[in-house]
Protein chains: 2
Amino acid sequence: MTLDDHDRAGYAIALEQASLGAGEGGVPIGSSILENGVLLGAGRNRRVQNGDPTAHGEIDALRNAGRRASYAGTTLYSTLAPCAMCSGSIILFGIRRVVVGEEKNFPGELELLRSRGVEVVVIDDPKATALMEDFVAEHPGLWNEDIGVDEAPPAPAR
Amino acid sequence: MTLDDHDRAGYAIALEQASLGAGEGGVPIGSSILENGVLLGAGRNRRVQNGDPTAHGEIDALRNAGRRASYAGTTLYSTLAPCAMCSGSIILFGIRRVVVGEEKNFPGELELLRSRGVEVVVIDDPKATALMEDFVAEHPGLWNEDIGVDEAPPAPAR
């Protein structure tokens, strides 16, 4: 794993966003996008806060970064492995490097990212893992909703 | 191609959204999500209108549909083949059927969708094709921005 000072700053911002989300009662996943150490945008999962299923941390960070002609020199940081939607946004916009806090609570689509030429660095940060572990244990239904896991209703009595 | 009355209604809403977007000076791509013929949400690309790079038509429709525990019975309609981000959102949320207006102006990620078990129906609608063709011809830079195509600056004079 190769993290430089910019990476440590970018990841610290993502982790702070995750903590802010936890404090708001939201899904505690944070993200940031940096270019040569300059913060372009940060965000956090706002499903609960905004009632928006698409407001994953990475999407929120991209939204806050605003319009850009090119993302070629950017790195995206996320406290958790990016899902299919967020990985798709990374592929679409040509972000070439992604730094991920952890993949223990959710595997994400890291292989899809790698198959499209994105460099993926997994930090394996115990703080990020603990934050998600606590959340999933306390709010399993909300977590399943966020990652599209259908909780089939019990079969009707007959 | 198998379109029923619900499909025709869903696609008509998506196409109307695309036309609304064109009238606003936006990228003319529209989307809708229906479940058993009931409209859950509609949306259009709002990159220009909202300065939001993530506001593709499908993402906007999902946002407008709001939070749901399950998308298993839904169909998503889009006037254009969904990009990696929007295809990722379809995969994430477990939407099992997608009806696409056209794939001539942009191939999207239809193979990725099919490889994940999503049924993809391409209508090949000349109205949707003409709308995008005109837009791409008039605003090539904006279109490249929307699909993450880097327009490299000319080499510096020396």
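These are my notes on how chain A and chain B meet in a predicted model.

**Ground rules.** The model is predicted, so I kept to its limits: local features need pLDDT of at least 70, side-chain atom pairs count only at pLDDT 80 or more, and totals for chains, interfaces and linings use all residues. Residues are numbered from 1 along each chain as its sequence is written, chains are lettered from A and ligands numbered from 1 in the order in which they are written, and side-chain values use heavy atoms, with hydrogens and water left out.

**Entry 1, the interface.** I looked up the size of the contact. Chain A and chain B each give 35 residues to it, where contact means heavy atoms within 4.5 Å. Between them the chains bury about 2,700 Å², 58% of it on carbon and sulfur atoms. Buried area is the accessible area (1.4 Å probe) that two parts lose on being put together, summed over both. R67(A), L92(A) and F93(A) account for 24% of what chain A buries against chain B, more than any other three residues.

**Entry 2, polar links across it.** I found six salt bridges between chain A and chain B; a salt bridge is a side-chain nitrogen of Lys or Arg within 4 Å of a carboxyl oxygen of Asp or Glu. R116(A) forms a salt bridge with E109(B), with 2.8 Å between the closest N and O atoms. Twelve residue pairs are in polar contact between the chains, both residues at pLDDT 80 or more. A polar contact is a pair of N or O atoms within 3.5 Å; within protein, one must be able to donate a hydrogen and the other to accept it, and residues adjacent in sequence count only if both atoms are side-chain atoms.

**Entry 3, the side of chain A.** Which helices of chain A each supply at least two residues of the side that touches chain B? I noted α2 (47–50), α3 (57–65), α4 and α7 (140–146). Helices here are DSSP runs (H or I, at least four residues) and strands likewise (E, at least two), numbered from the N terminus. The largest share, six residues, comes from α4(A). I sorted the residues of this side into 17 nonpolar, eight polar and ten charged. Ala, Val, Leu, Ile, Met, Phe, Trp, Tyr, Cys and Pro count as nonpolar, Asp, Glu, Lys and Arg as charged, and the others, Gly among them, as polar.

**Entry 4, α4 against α4.** Helix α4 of chain A (residues 84–92) packs on helix α4 of chain B (residues 84–93) at about 170°, their axes 7 Å apart. Axes are lines fitted to C-alpha atoms, for helices over the stretch in contact, and angles run from 0 to 180 degrees between N-to-C directions. α4(A) and α4(B) are therefore roughly antiparallel, the word for angles over 145 degrees. Residues that meet here include G88(A) and I91(A) in α4(A) and G88(B) and F93(B) in α4(B). The contact holds nine nonpolar residues, four polar and no charged.

**Entry 5, α3 beside α4.** In chain A, α3(A) and α4(A) pack at about 35° with axes 8 Å apart. E58(A), I59(A) and L62(A) in α3(A) meet M85(A), C86(A) and S89(A) in α4(A). In chain B, the axes of α3(B) and α4(B) come within 8 Å and cross at roughly 40°.

Note on methods:
Angles under 35 degrees count as roughly parallel, over 145 as roughly antiparallel, 65 to 115 as roughly perpendicular and the rest as oblique.
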